[in-house]
Amino acid sequence: MLSEYLDLLAREAAPVEFERPVLAARAAGAPSSELKELEELKIKALRVRALLERRRRREEELSGLYDTASDLAGLRDLDAVLRAIVHRARTLLGADVTYLTLNDAERGDTFMRITDGSVAASFQSLRLPAGAGLGGLVAVTGTPYSTANYGQDPRFAHTSEIDHGVHDEGLVAILGVPLRLGSAVIGVLFAANRTERPFAREEVALLGSLAAHAAIAIDTARLLADTQEALASLSAAHRTIQEHSASVERAAAAHDRMTALVLRGGGVEDLAADLVEVLAGAVLVLDASGRSLATAKTVGDPPAGDEVSVGEAVAASRGEGRSVRRGDLYVAAVVAGADDLGALVFRPAHDLAGADQRILERAAQVTALLLLFRRTVAEAEGQVRGELLDDLISRPVRDDEALRTRTRRLGVDLDSPHVVVVATFDADPGQRQRALSWARSFAGGRGGLAAARGERVALMLTGADAGDAARQVARELGRALNRPATVGGAGPAVGAAAVAGAYREADSCATALVALGRAGDGAGGAELGYVGLLLGDRHGVGEFVKDRLGAVLDYDTRRGTALVKTLEAYFGAGGSLARAAEVLHVHVNTVTQRLDRIGQLLGADWHDPGRALDLQLALRLHRLRGPAAGR
């Protein structure tokens, strides 16, 4: 009999199977002494089985606690650890549902954090007022509580919300143990069944151990978060210190480079190149009128002048006394006292720190210094060049070799063709000085000279096309002054002696343009027709006739036609085709064909009033000079 009970214990048989040997002996008619012995063996075997079961469960509990401790040792995700603890509680206690609530210090209540085995959404979203329900009592007292039937237990402060949640989940028996951090209760760990049942002391102790682990996990996570926040703050402080140190080093390097640049006589282009090497990016240097003086880049493309409202940005920069940001651009005004000299427009590779903006502002100050120095040098050189042009215009040439020495020293070759242009404009004294400064810069860049002549400005420029030079000066000087400039031109002039005559003709041409209602225009004396013939002392009658009538004269000479005679008859008849045909003794169609040919030779506008007047004067001069003059 003993061996049979040992077999039952060995295969962990159910308690009901331990009744089988007693029933079999009773059915076989065994004596009462044997039946009593079997009953004693059965009771002992069941005790051994219960002991083994408790040890097995204890082993499972210890294993679960060990696994929980391992989770805590490698804590990375607090939710994952809490979820594992709640799930182990459900498994080890054989509960239908386990869940964990935490106190909300801000709202003064308790909220559901983790659930395992729950099926009701209303239960999973429960919030428990302080002191309400079984969990509220555990949280307030810090003592474990359990109930075999929660709905009928009067020890707890029931609320409709909690009762509805418990009812929706179908819970009956509930056990709750506190989560403690020192003397403070931060939450509650629960185990619950959907049937009525008591909870043994061992189950309360086990759930309490798991709750202690959960509290440790929460505290560890808080400490880790605090540590990470502190490390992040330290890292940010370290980066700030490094960035500040780098900014200081860049500022020192920039100061040294800019100082060396000024001492070695560098220019705005050198400063722009140094700036983008110190501060990675691209820079555009503008003068007071918004024109580009220099560009440089290490990263990206230099800003375009129209990417930012330079006038507004410079005004803001000057008003604030520092650089200003417009989109991805930084603008620093280049000023000297009350004088606006331009601006630096900088597109950095990254946002500028405060120290980097100071570097940009220091670069703007150095740019102002370089521009002032350039202006001083230009004004001094312009004064010397202006005196030379004034001498060429006003004084007869007595010492040709000395004059050539002066011109060569200034890079001017009087043996090359030059044109002289004279500009007139309505301006106050300040505008006249600005016009002279512009003229000196314009002429100096073209190997020429510029000087003030009373209310006007005269320029001597390399080239042979006086009209084209006059129009260019009128256009660009008018833009610089922001008002019309009328410019007359004459030339080409070769040699020192020819400059004075070209000046007089250009000056008269400028006066004539104003008188003809062409203010703001530019033209050479040769382009003014008979007016130019009257003004100039360089263009003879023959040149005038050739300029106006040469194509028709050459055609008659080559083809033996009578286009000149037809043109005289047409003008003599007041533009009447019929009367011209009578004078010429030809058909009207012939006159029409000849006039079409003249239009092909002279241009379709030959009969416009201005050109018609020039042609009539050229025809009269041609007749006065005689037939030989046309060949």
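In which helix is Leu595 found? Leu595 belongs to helix H20. The structure described here is a predicted model, and this report begins with the surroundings of that residue before turning to the strands.

**Helices H18, H19 and H20**

Leu595 is buried, because its relative accessibility is 9% and the limit for a buried residue is under 20%. Leaving out residues up to four places away in sequence, Leu595 touches Thr566, Tyr570, Leu577 and Trp606. The C-alpha atoms of Leu595 and Leu567 are 7.4 Å apart in space, while the two residues are separated by 28 residues in sequence.

Leu567 is one of the buried residues of helix H18. This helix covers residues 563-572 and is mostly covered, with 8 of its 10 residues buried. The buried residues are Leu563, Val564, Thr566, Leu567, Glu568, Ala569, Tyr570 and Phe571. After H18 comes Gly574, which has a positive phi near 70°.

Helix H19 (residues 577-584) and helix H20 (residues 588-602) have axes that come within 8 Å and cross at roughly 105°. The two helices are therefore roughly perpendicular to each other, as the crossing angle falls in the range of 65 to 115 degrees. On the H19 side, the contact is made by Leu577, Ala578, Ala580, Ala581 and Leu584. On the H20 side, Val588, Val591, Thr592, Arg594 and Leu595 take part. Sorted by class, the contact consists of 8 nonpolar, 1 polar and 1 charged residues.

The loop between H19 and H20 contains His585. His585 has a positive phi near 60°, although it is not a glycine. With a relative accessible area of 73%, His585 is exposed.

**The open sheet of five strands**

How many strands form the open sheet with the order E8-E7-E11-E10-E9? The sheet has 5 strands, and their pairing is antiparallel. Strand E8 (292-297) and strand E9 (324-326) stand at the edges; each has a single partner strand, so one side of each is left without a neighbour in the sheet. On average, neighbouring strands of this sheet are turned by 20° against each other, with direction ignored. Strands of a sheet pair through backbone hydrogen bonds, in either a parallel or an antiparallel manner.

Within this sheet, strand E10 (residues 329-336) pairs with strand E11 (residues 339-348) over 7 bridges in the antiparallel sense. Among the residues involved, Tyr330 has Phe346 of E11 as its bridge partner. Helix H9 (residues 268-278) lies across strand E7 (281-287), E8 and E11, and runs at about 30° to E8.

**Strands E4, E5 and E6**

Strand E5 (residues 173-181) is mostly covered, as 7 of its 9 residues are buried. E5 pairs with both strand E4 and strand E6, as the table sets out.

| Pair | Sense and bridges | Opposed residues |
|---|---|---|
| E4 (residues 145-147) and E5 | antiparallel, 3 bridges | Thr147 and Ile174 |
| E5 and E6 (residues 184-193) | antiparallel, 9 bridges | Arg180 and Val185 |

The hairpin of E5 and E6 has 2 residues between the strands, and Gly182 in this hairpin takes a positive phi near 65°.

Residues of the E6 range also appear among the contacts of Thr101, including Ile186, Gly187, Val188 and Phe190. Thr101 itself is placed in strand E1 (residues 97-104). Its further contacts, leaving aside neighbours within four places in sequence, are Thr110, Phe111, Met112 and Arg113. Is Thr101 buried or exposed? Thr101 is buried, because its relative accessible area of 2% lies under 20%.

**Backbone features around strand E15**

Strand E15 (residues 486-493) includes Pro492. The peptide bond that leads from Gly491 to Pro492 is cis, with omega near 10°. The loop between helix H14 (466-481) and E15 holds Asn482. This residue is not a glycine, yet Asn482 has a positive phi near 60°. Asn482 counts as exposed, because its relative accessibility of 71% is over 50%.

Key:
Residues are numbered from 1 along each chain as its sequence is written. This is a predicted model: local features need pLDDT of at least 70, side-chain atom pairs count only at pLDDT 80 or more; totals for chains, interfaces and linings use all residues. Side-chain values use heavy atoms; hydrogens and water are left out. Two strands pair if DSSP finds at least two bridges between them. Helices (H or I, at least four residues) and strands (E, at least two) are DSSP runs, numbered from the N terminus. Axes are lines fitted to C-alpha atoms, for helices over the stretch in contact, and angles run from 0 to 180 degrees between N-to-C directions. Contact means heavy atoms within 4.5 Å. Angles under 35 degrees count as roughly parallel, over 145 as roughly antiparallel, 65 to 115 as roughly perpendicular and the rest as oblique. Ala, Val, Leu, Ile, Met, Phe, Trp, Tyr, Cys and Pro count as nonpolar, Asp, Glu, Lys and Arg as charged, and the others, Gly among them, as polar. Buried means under 20% relative accessible area, exposed over 50%, partly exposed in between (1.4 Å probe, protein chains only).
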